[in-house]
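Hi there,

Here is the structure I promised to pass on. Please have a look, and then read my notes underneath.

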Amino acid sequence: MARLLSSLGLFFRINTFLCLLLLYLLLIALGALVFSAVEKPVEEELRAEVQEVWRSFLQENPCVEESRLREVLRRTLSAHQRDVPVLKEEEDEEERRQGFTSSLYFVIVTLTTMGSDSYTPKSDEAKLFCIFYCTLGIPLTLFLLTLLSNLLLPVLTHAPVHLLHTLWGFPYTQAALLHAGLLSVLVLCLLFLLPALLVLLLEPNWNFLDALFFCFLTLSTVGQGGDTLGRSWSPGAKETLELLTTCYLVGGLVVLITFKDTVLQVPQVCALLRLLSGPQYAELEGFYLNEMTVSECEEEPQYSQSICTISSPPLRLPSPRTDRQTAETELHATTTSTDKTS
């Protein structure tokens, strides 16, 4: 039994990435099964309610042809899915979308890959411009968000960990882990719980779970989930709300990226990532470290002054003692050669 466990452990260490990939695929399948099991009864209940309303309407209005009613509903739903205004309220909403604040909101949610559930380009020209605009804008937006996160990292991460390590006497590993835990609680309160309470005040018909779900979908750039704030508000109030939502989205993304970098700098997390990456990652990391070391050793020395390309022997100043020894040596050699000649 012990030998079998040892063999399994060795197999998992060698094939860590494959095991992690298999676990991820199982996680996807589990999520699909859970959503299917939970949402299917609700969908069937809604479908039964719509069918009951359909039958009641046809019974109360026998002069209406069912085929004509289906055609009207089909065209109406098709226009609604393309965000084409049909009702009077929707026409007023469409006019409001043409304002600068609404356009700015659409641009921000598009460049942050969250997307807008209330507006999509309809013309071919707008779709083509959106493709090129997002091709340039999305990488630039992510790059700027990363730069802002790097500016916040010394303030939110390095300085607190240094204080915990020096002033409070915690070891660095414990200080980094403690700081990551405290920062996670702070991020949870400031970016999710507190905004969810504010959303709950703005939308009394929502419950706390709906408000928290809206905040999570917004900051995770998944989308708004079909729930839009301020649907019954005036146009001016909606523009103010969209501006505040834009600021919340950009600021929250910067803080979340900083939090991600903070967690990745915890030594325990780094060790876990090395373990999950497998031995290939360790070999590749060691290879790059060796290459960097060799390149650093092979770098040419830098001089502060210019060096002549033609080498010349070093200049030595003669000393009296050296001149006397040289003269005695030459005299001895001359005497020896004279004696040999005679």
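Below are some notes on nonpolar cores and aromatic pairs.

First, the ground rules. This is a predicted model, in which local features need pLDDT of at least 70 and side-chain atom pairs count only at pLDDT 80 or more, while totals for chains, interfaces and linings use all residues. Residues are numbered from 1 along each chain as its sequence is written, and side-chain values use heavy atoms, with hydrogens and water left out.

The largest nonpolar core (buried Ala, Val, Leu, Ile, Met, Phe, Trp, Tyr and Cys residues joined through side-chain atoms within 4.5 Å) has 14 residues. Buried means under 20% relative accessible area, exposed over 50%, and partly exposed in between (1.4 Å probe, protein chains only). Leu191, Val199, Trp206, Phe214, Cys215, Leu219 and Leu229 touch the most other members. At least two core residues come from each of helix 7 (172–202), helix 8 (208–219) and helix 9 (235–264); helix 7 gives the most, six. Helices here are DSSP runs (H or I, at least four residues), numbered from the N terminus.

Leaving aside residues up to four places away in sequence, Leu229 touches Val199, Glu203, Trp206, Phe214 and Leu241; contact means heavy atoms within 4.5 Å. A second, separate core has nine residues, including Ile108, Leu249, Leu253 and Val254.

There are also two aromatic pairs (Phe, Tyr or six-membered Trp rings with centres within 6.5 Å; stacked under 30 degrees between planes, edge-to-face over 60, the rest tilted). One of them, Phe129 and Tyr133, is stacked, at 5.3 Å centre to centre and 25 degrees between the planes. These two are about one helical turn apart because they sit four residues apart in helix 6 (residues 124–166). Phe129 counts as exposed, at 54% relative accessibility, and Tyr133 as partly exposed, at 35%.

Best wishes
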